[in-house]
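Reader: I've got this one open on my screen and I'd like to know what's behind the labels people put on it. Can you take me through them?

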Amino acid sequence: MKEQAVVIIGAGPAGLAAAYEFICREISPVIIERSGTVGGISRTESYKDFSFDIGGHRFFTKNEGINQLWEEMLGPDFLKVNRLSRIYYQGKFFNYPLRPVNALLNLGPVESLLVLTSYCRARLSPQPEEKSFEQWVINRFGERLYRTFFKTYTEKVWGIPCSEIRADWAAQRIRGLSLLVAVSNALFGGQQTKSLIERFSYPKLGPGMMWQRFMDRIMAGGGEVILHSEVSAILHDHKKITAVAYSNPETTSELSAENYISSMPISRLVQLFNPQPPPDVLRSAGQLTYRGFIIVVLIIDRQSLFPDQWLYVHSPKVQVGRIQNFKNWSRFMVPDQSRTSIGMEYFCNENDRTWKMTDDELVEMATREMEAMEFGPASQVIDSYVVRQPNAYPVYDSTYKQNLLNIRNYLDNFNNMQTIGRSGMHRYNNMDHSMQTGILAARNCCGESHDLWAVNEEKSYLEEDRITKETPVVPEKVLIRAFARMDKFAFAVAVGTICGLVVLTATLWIISRGGDVLNSHLRLLGQYFIGYTVTVKGGFIAFGYSFFWGFLFGWLFAYLRNLFLAIYLYRIKRRIELLSLKDFLDNF
Amino acid sequence: MGKPDTKNTPLSPEDKLFSGVLLLNAKVVGLAMGLILALGIFVATNWLIIKGGERVGPHLILLSQYFIGYKVTFLGSLIGAAYGFALGTICGALMGWIYNKIVAFRH
């Protein structure tokens, strides 16, 4: 059995990024990949020279290191694309991100009024608890808007009622918009106005081109990528992983290494452990679920179908959830510009009714639905291709957190194993997150200490104003100090004391100077401070009065200051929540 | 290979914002109050000088009972501003100091 420095399971963005990091550190990794191509779910498939992406992958990131890596890999082959994607609902196209005027015009005056009424009702009388995604959205946007723009699509994607999706999942989707950064931008303006939501990068020949370049660099640097090989067992001695067994049609082999990094589904990973993990860990692994999807590629004998890169299909009458138009991502995805290839995406569970449909049945359904949406007659479909993608999205159901924790606790026993990527961490990581976990895992193997679970934990994403929002004009520490609550009592006492001392000192000063003290103008204070005279006793009486009024003034000042700041922060918080409406669907 | 402890999550900046209590920088508060008072006296004095009239600043001159050397003249406005700055700085700094002490005691 050959001893390696590191074995990486899975050649998706996370695994490749980890391997490339090792190459940069002159360590030769070995990657074991089940399929025949690299890239995982963000690979590019090809059929008769038509290239297509599995789900549509835009390249954008707040992580400058990752961005530089992408640019370094592709250079001029990294296209900049102006984004257009809309929502298809009841035969109409709604701009996306949603624009109020466009949405209201498309909905019509009656429906718009109902939406506004429903929104106001939700704001005035929110549901007291927010346990489910449904409650979370309704409390923020109203029931009518929820039913129009959230319910159908979300349920298509996840296959479960919105009332069964946890509210914290929705909250996680918007957490990336930092309140403090929003405050900073509101006060001082952003540094960059161009929103990345309007523009993204894309490899000329699809994302697979990026991962192919990674693989080329890894292999040129001495790394090894073993394709068509499925991991069949993870061997261990309860403290360390000792070897990984894998098999392909020709052979079965074992690889032993100092460190192991896995991007395969974390549930599958522990199921492959030999000796087996404790029953509760296996039970947790069995309960972690992933959502898959099927993409039915239709090649249509038409130059143009619609200008969008993709459409979100909210109509409940059709089963398709999203439609990709590949030539609008990059014209190089289509060999013949007089034709169009679209990807009809059906979200489903592995082995459910849709998953089990034959390719012919799927093509027939996709063609029928395309026709029903009036994108063209079925006769124009000249060819088709079907791809089934299992484990595409980790499902955040009501038990996933505990199950994941059980598995993590078990894996913590093994010091030389790290899990990375979307499936490897059962977390909704984007490509850049996944790559970051891979890079950090590689660095951990080299002696550094990074918390992979913190990636995409503290700063989730909303793309709107992403750069400006992630780069506050004023440091957070300063904003926290400036916007913290003022202690009303402390301020009142401080102001009262100073006011009292000023009047007392003024009185004593006049007395100490002598002369016609009683006729001093200071005596006029007696008009307000009854009983005050320009005497020592009067000075202390004035101290009492001044302290009282100073206290009142100080308390009121601090109260109003806190109140106005709270209103200001509340408004910004509301704005952040509304921004999530604009950007919500991109997070699926 | 190090595996950091990930179980204890620190407070987020937002949590810090909502749970924190403002502390004043006594020196800065003093400086600000000093400047405001100094500017106030300077402007008030010179405003009366510019306005002119038979008796210039019959009431403002009462400040001279506290600020020795102060007059309702341009030079007097500078002297008054210096006094005002000193008084404002002391009062502001003292106020900030008292506030911070009470906050430290209460939280």
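Author: What follows is a run of questions about the labels, each answered from the model. Keep in mind that this is a predicted model.

Reader: Let's start with the basics. How many helices and strands does chain A have?

Author: Chain A has 20 helices and 19 strands. Of its 588 residues, 47% are buried. As for contacts between residues at least 6 apart in sequence, 73% join residues at least 24 apart.

Reader: And what makes up chain B?

Author: Chain B has 3 helices and 0 strands, so its pattern along the sequence reads α-α-α. Buried residues account for 31% of its 107 residues. Among its contacts with a separation of 6 or more, 71% are between residues 24 or more positions apart.

Reader: Why is A:Val101 called exposed?

Author: Count the neighbours: 8 other C-beta atoms lie within 10 Å of A:Val101. The cut-off for exposed is 12 or fewer, so A:Val101 is exposed. You'll find A:Val101 in helix 3 (residues 100–107) of chain A. From A:Val101 to A:Ser112 it is 11 residues in sequence and 9.9 Å in space, C-alpha to C-alpha.

Reader: What about A:His228, what makes that one partly exposed?

Author: A:His228 has 14 other C-beta atoms within 10 Å. Exposed stops at 12 and buried starts at 20, so A:His228 falls in between. A:His228 sits in the loop between strand 9 (224–226) and strand 10 (230–236) of chain A. Its backbone deserves a look too: A:His228 is not a glycine, yet it has a positive phi of about 55 degrees.

Reader: Which label does A:Asn391 get, with 19 other C-beta atoms within 10 Å?

Author: Partly exposed. Buried takes 20 or more, so the 19 of A:Asn391 do not reach that cut-off. A:Asn391 also has a positive phi, near 55 degrees, without being a glycine. A:Asn391 is in strand 18 of chain A.

Reader: How do you know that the peptide bond from A:Asn274 to A:Pro275 is cis?

Author: Its omega is near 0 degrees, and the bond is cis. A:Pro275 belongs to the loop between strand 13 (273–274) and helix 11 (279–287) of chain A.

Reader: Now the sheet. Why are strand 7 and strand 18 of chain A said to stand at the edges?

Author: The sheet is an open one of 7 strands, in the order 7-6-15-16-17-14-18 (chain A), with mixed pairing. Strand 7 (92–96) and strand 18 (381–394) of chain A each have a single partner strand, so one side of each has no neighbour in the sheet. From one strand to the next, the twist averages 25 degrees.

Reader: What makes strand 15 and strand 16 of chain A a pair?

Author: A pair takes at least two bridges, and strand 15 (residues 310–313) and strand 16 (residues 322–325) of chain A have 3, so they qualify. Their sense is antiparallel. One bridge to look up is between A:Tyr312 and A:Arg322, the latter in strand 16 of chain A.

Reader: Which helix lies across strand 14 of chain A?

Author: Helix 13 (residues 359–372) of chain A, which also lies across strand 17 (340–348) and strand 18 of chain A. Helix 13 runs at about 70 degrees to strand 14 (290–300) of chain A.

Reader: Which residues touch the most other members of the largest nonpolar core?

Author: In that core of 125 residues, they are A:Val7, A:Leu16, A:Ala18, A:Val244 and A:Val296. Leaving out residues up to four places away in sequence, A:Leu16 touches A:Ala11, A:Val38, A:Trp211, A:Phe214, A:Met215 and A:Ile218. Apart from this core lies another of 37 residues, including A:Leu522 and A:Phe543.

Reader: Where do chain A and chain B meet, and how many residues are in contact?

Author: 33 residues of chain A are in contact with 23 residues of chain B. Helix 19 of chain A gives the largest share of the chain A side, 12 residues. The chain A side divides into 20 nonpolar, 8 polar and 5 charged residues.

Reader: How do you know that the span of helix 19 of chain A agrees with its 26 residues?

Author: At 1.5 Å a residue, helix 19 of chain A should span 38 Å, and its end C-alpha atoms are 38 Å apart, so the two agree. Just after helix 19 of chain A comes A:Gly514, with a positive phi of about 75 degrees.

Terms used:
Residues are numbered from 1 along each chain as its sequence is written. Chains are lettered from A and ligands numbered from 1 in the order in which they are written. This is a predicted model: local features need pLDDT of at least 70, side-chain atom pairs count only at pLDDT 80 or more; totals for chains, interfaces and linings use all residues. Helices (H or I, at least four residues) and strands (E, at least two) are DSSP runs, numbered from the N terminus. A nonpolar core is a set of buried Ala, Val, Leu, Ile, Met, Phe, Trp, Tyr and Cys residues joined through C-beta atoms within 7 Å. Two residues are in contact if their C-beta atoms, placed from the backbone, lie within 7 Å. Ala, Val, Leu, Ile, Met, Phe, Trp, Tyr, Cys and Pro count as nonpolar, Asp, Glu, Lys and Arg as charged, and the others, Gly among them, as polar. The expected span of a helix is 1.5 Å times one less than its number of residues. Axes are lines fitted to C-alpha atoms, for helices over the stretch in contact, and angles run from 0 to 180 degrees between N-to-C directions.
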